[in-house]
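Thanks for coming, everyone. I'll walk through one model this morning. Have a look at the structure first, then we'll go piece by piece.

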Amino acid sequence: MTSGTGPRGRPGAGRGLPERGLLLLLVLVLLEGSVVFPLGAASSPDVDPRGHSEDRAVAEESQNYSKKAFPVLSLDYHHIHVPFEIALWVLLASLMKLGFHLIPRLSSIVPESCLLIVVGLLVGGFIKLAGEKVPPVLDSQSFFLCLLPPIILDAGYFLPIRPFMENLGTILMFAVVGTLWNAFFVGGLLYAVCQIQPGNPSDLHNLELLPCLLFASIISAVDPVAVLAVFEEIHINELLHILVFGESLLNDAVTVVLYHLFEEYSGAGTVTILDGVLGVISFLVVALGGVLVGAIYGFLAAFTSRFTSHVRVIEPLFVFVYSYMAYLSAEMFHLSGIMALIACGAVMRPYVEANISHKSHTTIKYFLKMWSSVSETLIFIFLGVATVDGPHSWNWTFVTVTVLLCLVSRVIGVIGLTFVINKFRIVKLTTKDQFIVAYGGLRGAIAFSLGFLLEEKHFPMRDMFLTAIITVIFFTVFVQGMTIKPLVELLAVKKKQEAKRTINEEIHTQFLDHLLTGIEDICGHYGHHHWKDKLNRINKKYVKKCLIADERGREPQLIAFYHKMEMKQAIELVESGGGFKPPSALPSTVSMQNIQPKKPAAAKPVQRALPQLPKGREEEIRTILRSNLQRTRQRLRSYNRHTLVADPYEEGFSDFIIKKQKIIELEKKIIHMNNLTLPAAPPDSPTLCRARLASDPQAYRPKRDSVPTIQVDLASPQSPDSVNLMDEFRANGSRREEEEDQGLTMRPRGEDGRREQLTRCLSDPGPSADEDEDEPFLP
Amino acid sequence: MGASQTRPEHRHQDLADRTGFSLEQIKNLHKRFQQLSGDEDTISKENLESIPTLANNPIRKQIIGAFFDKSAFAECLLAAGGAPHFPYRHQRGFILFGLRNQHRGEAGSCDQIGFEQFLMVMSHFRPPTLKMTAEEKEAMRREKLRFLFNMHDTDNDGTITLVEYRKVVEELLSKSGSIGQEAAEAIADAAMLEVASTNVPTMGPDDFYEGITFEHFEQILKGLEMESRMHIRFLDVDTTTMRCGKSTS
């Protein structure tokens, strides 16, 4: 990458605009800096580009007006100026992210957000040193319309609905009452401090109450971007995560209303009771309106996705466009865009996921993650750049008091609110929880952008506000963000369980839901579970019918979960290269036969009674049989990969499920047979059986010559080693076949033939099963 | 009614000591009990089956069954000794276990239960409190899990067999038509396989996994944090006046 940027930089340097070449070189320099040693080295080579840039500026001036016969090669930088720079910034951000992850030691100590801010500071510093005007990177327009939505959509789309709804009351309490409290507490005290200070007859005395409140309302909201960035790294438990993160999302409505309210009236100077009442109404309108707009677009998106089955490629686009429309529509009416996005994402997700193809789902996931992480990186870098750039007016008193008040009000607010909330909560918040909630109240770029929006003429103290906002952001992101991880360790706060959800947990979650609903019904009062159950039922009965095209999409949650799990296992298996190791989900030797009832009782006595294979040989045969069976299963799964290569993965999926069940059944039968029919055969059964087994591999392989060793192995007296050897060979063979197969889209006949042979040679008396299996393959 | 006014008070206090409910909650539950039983002293299966909102519940049978399980009755007898609830509850979990195994033959269901027993079943759904120590929480978790386990273990032999597990899943999916029934078996099998492989990772081909024991059951549900999830809100105030239950939690 470094060498790739280099050559492009030089031609630009020849006659390019100063900014251009400078930025390119900066990327280069910073990249090198971040890879070798993060920040220190970056400062040394910067003398160089600056010298060049001065020359270039002169050169360019003369070049533009000179006449030439025909410009074989001409330069028109202005033409591409804006997109080029945007691309450059994105590139810088991505490279930085890349760079940090190459130094794991650094990223384990310092949160990424801090590092990115530092990078931003450096970049800003270079631009300033170069004597250039720093581009207004973090202006509110681009921030609110381009950078913020991807992050919020990502958060909304992947919002863990269940914990969110279970804690909605607490979250709302923190988001609404907490933010209000913060705003008024900070604003009021700040105003008081500004007034009572006798020793300092400075501008602070001119500060009125309303600008103070406005400033406080900007600074009091917890920022989702900062919270996400820090909390993703500390892996805190679900409850605390959703409390802080949910608060940061939902307080947007409060901030929007307070902001507009105070901005409106700080010109007029007074606020009446009526304005307060209007403010409350406005809050309801902003919040509920945002949710409503989001929900409408969410349902529209879900409805649209119902019909996309023929044009799979554009499915992801609908998700993005509808959500963005929701955001813009909400912003248009000054409703809460963040809440609209959250609502839109959360509403559309279940239906869209049921409708769209598996690949589209992956696409959505990756696009959202990509966009949001780039946006986040950019935001933090821009925050650094804007810090260097911004006109600052540092006022010790104001800044210190702001930081202190922010901390104090947060702590008081959380403790006070928890005291109230705990009266209603069933699972109480402990002191530790309260501490983390209070400490996790990070401020971020939204506050800065809102501050940036203020107009100079209405707010003469704008620069001071901005400086204070930046200080608070830096304080929370750096001090709190860096210390929260050790503190979480120190306090032994419960961490998130990394383990995936198992099918048993899913079953019991469902069971518990119904059980609690039932108990509530018996108790005769309608609580949480009752309403949830009712909503679920309505959802299933009406909404899903309208919004989900496919019948399969409407299956109950448990079945859907099971299918998803099966699919994941299948994919894992295919991805593992079709080797011989069992799927990672089941790393044990336990198989279906171990849990099947009735069989052992029936089979064992018979087996013992007859003269038969010595114990060791029996084991061998069983191993061979089992591994062969596994092979078949893998063959069938790799068949699925072709359908993944070809388009209709989902269409093939149900077939796959049926097939898999068949295989399991087959396995059962075979084991059964192994137990029962082997001894029942004539005394020479070992050889006969072996002969039968020897024919086995042919069944799996149409090309007999591809793995010739197998027959030798089977026919000869075996040792455990030779079995292993065989396995290895077979694994190789399978990989080879895997590769060959990839070129083709499907080979149903071949598969089927193989299966038929398998069943035949195992003398399975199930012709009916064969017929069944044919069906899914027929077009 | 007037004569019996003092006695129930006394009785309620006694019950409150044993179950950990508050007096108000017991009064409310008693009201509900009488409403369900039609002012009788005991309640029958039919009474519970006639609750209209319960009709849609896929596991209705099991829920109602849990109320009439003999083991709950045994618990009642045992609890009748009367003692402060927490340390006592802790022990009782174990005693109950032994008792149930002892009387394996007569475990089953009864037809009628009294209010005390009704309350005992309900007490499994009490939320944990902030003051509880880690040990008490652990005891509570075990007790709740034991209740769930007994719901699944229909023949009371101490294990949930594959057949029993299949039945549970079938019930769960019983409201979703034919797809549900088809999938139920596969899901139960997969789940059983998962339990077997997590608990007994190495198993020879001849071994047989009989079923989920209570220890394995605890193991697989470790991630669910039952102690903080298996609870409902018991109202402290009169239910008849405050019907709507949209509560902040």
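**Two chains, three helix pairs, a few single residues**

Chain B has 249 residues, and 49% of them count as buried. Keep in mind that this is a predicted model. Chain B contains 12 helices and 4 strands. Take its contacts with a separation of 6 or more: residues 24 or more positions apart account for 66% of them.

Now chain A. It has 32 helices and 0 strands. Of its 779 residues, 53% count as buried. For contacts between residues at least 6 apart in sequence, 82% in chain A join residues at least 24 apart.

Let me stay with chain B for one helix. H2 of chain B runs over residues 23–37, which makes 15 residues. From first C-alpha to last, H2(B) reaches 21 Å, close to the 21 Å expected at 1.5 Å a residue. Which residues of H2(B) are buried? Here they are: B:Gln25, B:Ile26, B:Asn28, B:Leu29, B:His30, B:Arg32, B:Phe33, B:Leu36 and B:Ser37. After H2(B) comes B:Gly38, with a positive phi near 70°.

Back to chain A, and on to helix packing. Two packed helices are described by the angle between their axes and the distance between the axes. I have three pairs.

Pair one is H13(A), residues 273–305, with H15(A), residues 337–355. Their axes come within 7 Å and cross at roughly 20°. An angle under 35 degrees counts as roughly parallel, so H13(A) and H15(A) are roughly parallel to each other. The crossing of H13(A) past H15(A) is right-handed. Who makes the contact? On the H13(A) side, look for A:Ala287, A:Gly290, A:Val291, A:Gly294, A:Ala295, A:Tyr297, A:Gly298, A:Phe299, A:Ala301, A:Ala302 and A:Ser305. On the H15(A) side, look for A:Met339, A:Ala340, A:Ala343, A:Cys344, A:Val347, A:Met348, A:Tyr351, A:Val352 and A:Asn355. By class, that contact has 15 nonpolar residues, 5 polar and no charged.

Just before H15 there is a residue to flag. A:His334 sits in the loop between H14, residues 315–332, and H15 of chain A. Its phi is positive, about 60°, although A:His334 is not a glycine. Buried or exposed? Neither: A:His334 counts as partly exposed, because its relative accessibility is 48%.

Pair two is H4(A), residues 77–102, with H16(A). These two pack at an angle of about 100°, with their axes 9 Å apart. That makes H4(A) roughly perpendicular to H16(A). H4(A) brings A:Trp89, A:Val90, A:Ala93, A:Ser94, A:Met96 and A:Lys97 to the contact. H16(A) brings A:Ser373, A:Val374, A:Glu376, A:Thr377, A:Leu378, A:Ile381, A:Phe382 and A:Val385. The split is 9 nonpolar, 3 polar and 2 charged.

Zoom in on A:Thr377. It belongs to H16(A), which spans residues 358–389. A:Thr377 has a relative accessible area of 0%, so it is buried. What does A:Thr377 contact, leaving aside its neighbours within four places in sequence? A:Ala93, A:Lys97 and A:Leu116. Two names there should sound familiar: A:Ala93 and A:Lys97 are on the H4(A) side of the contact we just saw.

Pair three is H19(A), residues 445–453, with H20(A), residues 462–491. Their axes come within 10 Å and cross at roughly 175°. Angles over 145 degrees count as roughly antiparallel, and H19(A) and H20(A) are therefore roughly antiparallel to each other. From H19(A), the contact takes A:Ala445, A:Ala447, A:Phe448, A:Gly451 and A:Phe452. From H20(A), it takes A:Arg462, A:Leu466, A:Ile469, A:Ile470 and A:Ile473. By class, we have 8 nonpolar, 1 polar and 1 charged.

Follow H20 out of its end. A:Ala492 lies in the loop between H20 and H21, residues 503–523, of chain A. Here again phi is positive in a residue other than glycine, near 55°. A:Ala492 is exposed, with a relative accessible area of 54%.

One last residue. A:Cys194 is found in H9 of chain A, residues 168–196. Its relative accessible area is 2%, so A:Cys194 is buried. Now find A:Thr397, which is 203 residues from A:Cys194 along the chain. How far apart are their C-alpha atoms? The separation is 8.4 Å.

That's my tour.

Notes: Residues are numbered from 1 along each chain as its sequence is written. Chains are lettered from A and ligands numbered from 1 in the order in which they are written. This is a predicted model: local features need pLDDT of at least 70, side-chain atom pairs count only at pLDDT 80 or more; totals for chains, interfaces and linings use all residues. Side-chain values use heavy atoms; hydrogens and water are left out. The expected span of a helix is 1.5 Å times one less than its number of residues. Buried means under 20% relative accessible area, exposed over 50%, partly exposed in between (1.4 Å probe, protein chains only). Axes are lines fitted to C-alpha atoms, for helices over the stretch in contact, and angles run from 0 to 180 degrees between N-to-C directions. Angles under 35 degrees count as roughly parallel, over 145 as roughly antiparallel, 65 to 115 as roughly perpendicular and the rest as oblique. A crossing is left-handed if the near helix is turned anticlockwise from the far one by less than a right angle, and right-handed if clockwise. Contact means heavy atoms within 4.5 Å. Ala, Val, Leu, Ile, Met, Phe, Trp, Tyr, Cys and Pro count as nonpolar, Asp, Glu, Lys and Arg as charged, and the others, Gly among them, as polar.
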